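I opened a fresh page to record what I looked up in this structure, one topic at a time. My entries follow in the order in which I made them.

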Amino acid sequence: MELFTRSFVHPVERIVHLHAEKSAGIPKQINDDGLYKILLVEEGSVNLKTRKGQKLLTAPALLLLTEEKAEFTDERDLLTTTVYFKPTEIREEFTLARLHSGEFEQSRGKTIYQDYLLVSMFEKSEDGAYFAAALDLPAFEKIKKIAGQITEQLKKQPDGYWPCRSRSFLMELLYFIGYIPVDCPKVVCAETTETGADSVVGEIIRYMSEHISETITQEDLTRKFFVNRNRLNELFVKETSMTAMNYLTRMRINLAQIMLADTEISIAEISLRVGFEDANYFGKVFKKHTGVTPTKYRDSFYT
């Protein structure tokens, strides 16, 4: 099976090293040595062999795998969705050799580091553990939805932007995964927060990430998490040095920056994807936080 996608249009052929499939069980291609994999356990359970023994993954669960071989046993009523991709689809510099060299760990403060965080989650911890997470229902539904959007773009290729759009959904998926509490303590959640996984702030941030494309007001947060406005901001300032709504805006602008730099989808579409219905307002907020308009920010990567 080809673990990449060819364009339907000939003679102009595009190849995107991105593929998604649903399987009854662990797919045979799970140990392809040139790709990273996002494995979503939708139903059933399976054991993953680790240096410390067997790790049980019970639906709903998420596992990130590199090109290294993973061993599974005791599949039970297993249904999975797997997204395969080459890290170079995120950024051309991200060859496996360069990722393994550790050079991007030294790029803090640079734009490339923001992209590197999307794939750094795939690295094993010191004890050889992979990124693995038990999912609550909202996180499971969010991941399943984005995986479905990737699949739809790759299979239907609805317009000439399908390569960029499918890659943008992959970036959105990785960005979201960065906010999920994981079993592996090595993983840093996209440098988003230093909060504990069980803190109120952590719960609110995860909610924000699940609904980043939707309207979220401060009143929504106070009602949902049973905390008044002053207490909400007091907690956020203490743990993140910014108010709750400023934190949400930063999350949205960060995701927009990734899409602007690494895809060619329209600014209007990006605006909607990160929670701004009005593209003009998005442009004003983006400039306030970055110092440049979305167009100038994008142009800086192509000049």
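**Entry 1: the largest pocket.** Which residues lie nearest the centre of the largest pocket? Keeping in mind that this is a predicted model, I looked up the lining and found 20 residues, of which Arg 167, Ala 261, Asp 262, Thr 263 and Tyr 302 lie nearest the centre. I noted a volume of about 430 Å³ for this pocket. When I sorted the lining by class, I found nine nonpolar, three polar and eight charged residues. I then asked which elements supply the lining, and I wrote down strand E2 (15-16), helix H4 (162-177) and H8 as each giving at least two residues, with H4 giving the most, namely three.

**Entry 2: helix H4.** Since H4 had come up, I checked its length: at 1.5 Å a residue, its 16 residues should span 22 Å, and I found its end C-alpha atoms 22 Å apart, which agrees. I also looked up its burial, and because 16 of the 16 residues of H4 are buried, I described this helix as largely enclosed by the rest of the structure.

**Entry 3: helix H2.** I turned next to helix H2 (residues 111-120), where nine of the ten residues are buried; among them are Tyr 113, Asp 115, Leu 118 and Val 119. What do these buried residues pack against? I listed strand E4 (36-50), strand E7 (72-85), helix H1 (96-101), H4, H8 and helix H11 (294-299).

**Entry 4: the nonpolar cores.** I read as background that in soluble globular proteins nonpolar side chains tend to be buried together. In this model the largest nonpolar core has 78 residues, and Ile 38 and Phe 85 touch the most other members. Helix H8 (residues 244-262) contributes the largest share of this core, eleven residues. I also noted a second, separate core of 15 residues, which includes Ile 30, Leu 39, Val 41 and Leu 65. Leaving aside residues up to four places away in sequence, I found that Phe 85 touches, among others, His 17, Ile 38, Val 119 and Leu 174.

**Entry 5: Ile 212.** Is Ile 212, which I found in the loop between helix H5 (200-210) and helix H6 (218-224), buried or exposed? Its relative accessibility is 3%, under the 20% cut-off, so I counted Ile 212 as buried. I then saw that the C-alpha atoms of Ile 212 and Val 274 are separated by 5.8 Å, although these residues are 62 residues apart along the chain. Beyond residues up to four places away in sequence, Ile 212 touches several others, including Lys 142, Tyr 175, Met 251 and Val 274.

Notes. Residues are numbered from 1 along each chain as its sequence is written. This is a predicted model: local features need pLDDT of at least 70, side-chain atom pairs count only at pLDDT 80 or more; totals for chains, interfaces and linings use all residues. Side-chain values use heavy atoms; hydrogens and water are left out. A nonpolar core is a set of buried Ala, Val, Leu, Ile, Met, Phe, Trp, Tyr and Cys residues joined through side-chain atoms within 4.5 Å. Buried means under 20% relative accessible area, exposed over 50%, partly exposed in between (1.4 Å probe, protein chains only). Helices (H or I, at least four residues) and strands (E, at least two) are DSSP runs, numbered from the N terminus. Contact means heavy atoms within 4.5 Å. On a 1 Å grid over the protein atoms alone, a cavity is a set of points where a 1.4 Å probe fits but cannot get out, and a pocket is an open set with protein on both sides within 12 Å along at least five of seven lines; lining residues have an atom within 4 Å of a point. Grid points are joined across faces, edges and corners, and a volume is the space filled by probe spheres set on the points. Ala, Val, Leu, Ile, Met, Phe, Trp, Tyr, Cys and Pro count as nonpolar, Asp, Glu, Lys and Arg as charged, and the others, Gly among them, as polar. The expected span of a helix is 1.5 Å times one less than its number of residues.
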